[in-house]
Amino acid sequence: MDFAKMRRIMVDSQIRPNDVTDPEVVSAFLRTPREAFVPKSEQAIAYAEYEIETSEGRSLWTPRDIGKMIRSLDPQPNDIALVIGAGAGYETAILSHLCETVIALEEDETLVDELTSRLASLDYDRAVAVQGNLRDGLADQAPFDIILVCGLIEQAPEAWFNQLAEGGRLGAPVLAGRDLGRARIWTKAGETVSFREVFDCCPPRLPGFEKPKSFVF
């Protein structure tokens, strides 16, 4: 299969038409081999408009959704980024073309080891995988200019907001209804963190971020 050709088609048919036209972001997608971040059995559809499970509880979003999210986070060359629930590392790899340093946070040791090997084999020397509790973030490496959450959540822990730098952006898709999610970008200014909703999407859930169930009489 000609993956380079498939990559160009993905960018021209799924990325650019959805208002992701920044040359640096487009270049990052063109330089990132999506087929290297999916199971071998799924490589034939790596560039299709599908969500692809990469391990239990972790999936690649559609190219359209991750393209719009990364564009909305406005990555800059000097930014330090944290990717929460990094999974196979595709989003980490894309951000590593756009930021100074990217830290991929995962809980499972085996997943972290696999991600470390994959990033090394592809020469992503600006990215590193770290094991830790997703809800806690990574306080000892904070503050972060960008925090990207790789899955649909119901509620974001306060710890994440506390780890944003001044002007830092946190991007996550948040459940807005039974079958609807909205991508949100939170921005920190002084002691205040405010958000804006940037597009509708409903990628696979990131387990462990459900709102507590309220008691009803």
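Which residues gather in a patch of negative charge on the surface? Select Glu 107, Asp 108, Glu 109, Asp 113, Glu 114 and Asp 136, and the patch is displayed. The model in the viewer is a predicted one. Within this group, Glu 109 belongs to helix H5, which covers residues 109-121.

**Stop 1: helix H3 and the turn after it**

Next, select residues 63-73, which form helix H3. This helix is mostly covered, as 9 of its 11 residues are buried. The buried residues are Pro 63, Asp 65, Ile 66, Gly 67, Lys 68, Met 69, Ile 70, Ser 72 and Leu 73.

Proceed to Asp 74, which follows H3 and lies in the loop between H3 and E3. Its phi is positive, near 50°, in a residue other than glycine. Most residues other than glycine have a negative phi. Is Asp 74 buried or exposed, or does it fall in between? With a relative accessibility of 44%, Asp 74 counts as partly exposed because the values for that class lie between 20% and 50%.

**Stop 2: Gln 76 and Glu 100**

In the loop between H3 and E3, select Gln 76. Gln 76 is partly exposed, at 35% relative accessibility. Leaving aside neighbours within four places in sequence, this residue is in contact with Leu 98, Cys 99 and Glu 100. A distance can also be displayed from here: the C-alpha atoms of Gln 76 and Tyr 124 are separated by 17 Å, with their positions 48 residues apart along the chain.

From Gln 76, move across to its contact Glu 100. Glu 100 is placed in the loop between helix H4 (90-96) and strand E4 (101-106). The relative accessible area of Glu 100 is 40%, so the residue is partly exposed. Which residues does Glu 100 touch, not counting those up to four places away in sequence? They are Gln 76, Pro 77, Asn 78, Asp 79, Ile 80 and Arg 126. For a longer view, add Met 6: the C-alpha atoms of Glu 100 and Met 6 are 28 Å apart, and the two residues are 94 residues apart along the chain.

**Stop 3: Ser 96 in helix H4**

Select Ser 96, a residue of helix H4. Ser 96 has a relative accessibility of 5% and therefore counts as buried. Beyond residues up to four places away in sequence, Ser 96 touches Val 102, Tyr 124, Arg 126 and Ala 127. Arg 126 has already appeared on this tour, among the residues touched by Glu 100.

**Stop 4: salt bridges**

Side chains of opposite charge can pair when their charged atoms come close. The count of salt bridges in this model comes to 9, and three of these pairs may be visited in turn.

Begin with Asp 12 and Arg 16, whose closest N and O atoms are 3.1 Å apart. Asp 12 is partly exposed, with a relative accessible area of 48%. Arg 16 is likewise partly exposed, at 36%.

Next, select Asp 79 and Arg 169, a salt bridge with its closest N and O atoms 2.9 Å apart. This pair links distant parts of the chain, 90 residues apart: Asp 79 is in the loop between H3 and strand E3 (80-84), and Arg 169 is in strand E7 (residues 164-177). Are these partners buried or exposed? Asp 79 counts as buried at 7% relative accessibility, and Arg 169 is buried with a relative accessible area of 13%.

Then select Arg 182 and Glu 197, which meet in a salt bridge at 3.9 Å, N to O. Arg 182 lies in strand E8 (residues 180-189) and Glu 197 in strand E9 (residues 192-201), 15 residues apart. Arg 182 is partly exposed at 28%, and Glu 197 is partly exposed at 40%. Add Arg 184 and Asp 200 to the selection: salt bridges that share partners join Arg 182, Arg 184, Glu 197 and Asp 200 into one network.

**Stop 5: two backbone features**

Select Asp 123, in the loop between H5 and E5. Asp 123 has a positive phi of about 65° although it is not a glycine. Its relative accessibility is 64%, so Asp 123 counts as exposed.

Finally, where is a cis peptide bond found? One joins Ala 142 and Pro 143, with omega at about 5°. Most peptide bonds are trans. Pro 143 is situated in the loop between strand E5 (127-131) and strand E6 (144-149).

Key
Residues numbered from 1 in each chain as written. Predicted model: local features only at pLDDT ≥ 70, side-chain atom pairs only at ≥ 80, totals over all residues. Heavy atoms only, no water. Patch = residues over 30% accessible without salt bridge, like charges linked within 9 Å, V, L, I, M, F, W, Y side chains within 5 Å. Areas by Shrake-Rupley, 256 points an atom, 1.4 Å probe, with all protein chains shown as cover. Salt bridge = Lys/Arg side-chain N within 4 Å of Asp/Glu carboxyl O. Lys, Arg positive; Asp, Glu negative; His and termini not counted. Charge placed at Lys NZ, Arg CZ, Asp CG, Glu CD. Helix = DSSP H or I, 4+ residues; strand = E, 2+ residues; numbered from the N terminus. Buried < 20%, exposed > 50% of the residue type's maximum accessible area, 1.4 Å probe, protein only. Contact = heavy atoms within 4.5 Å.
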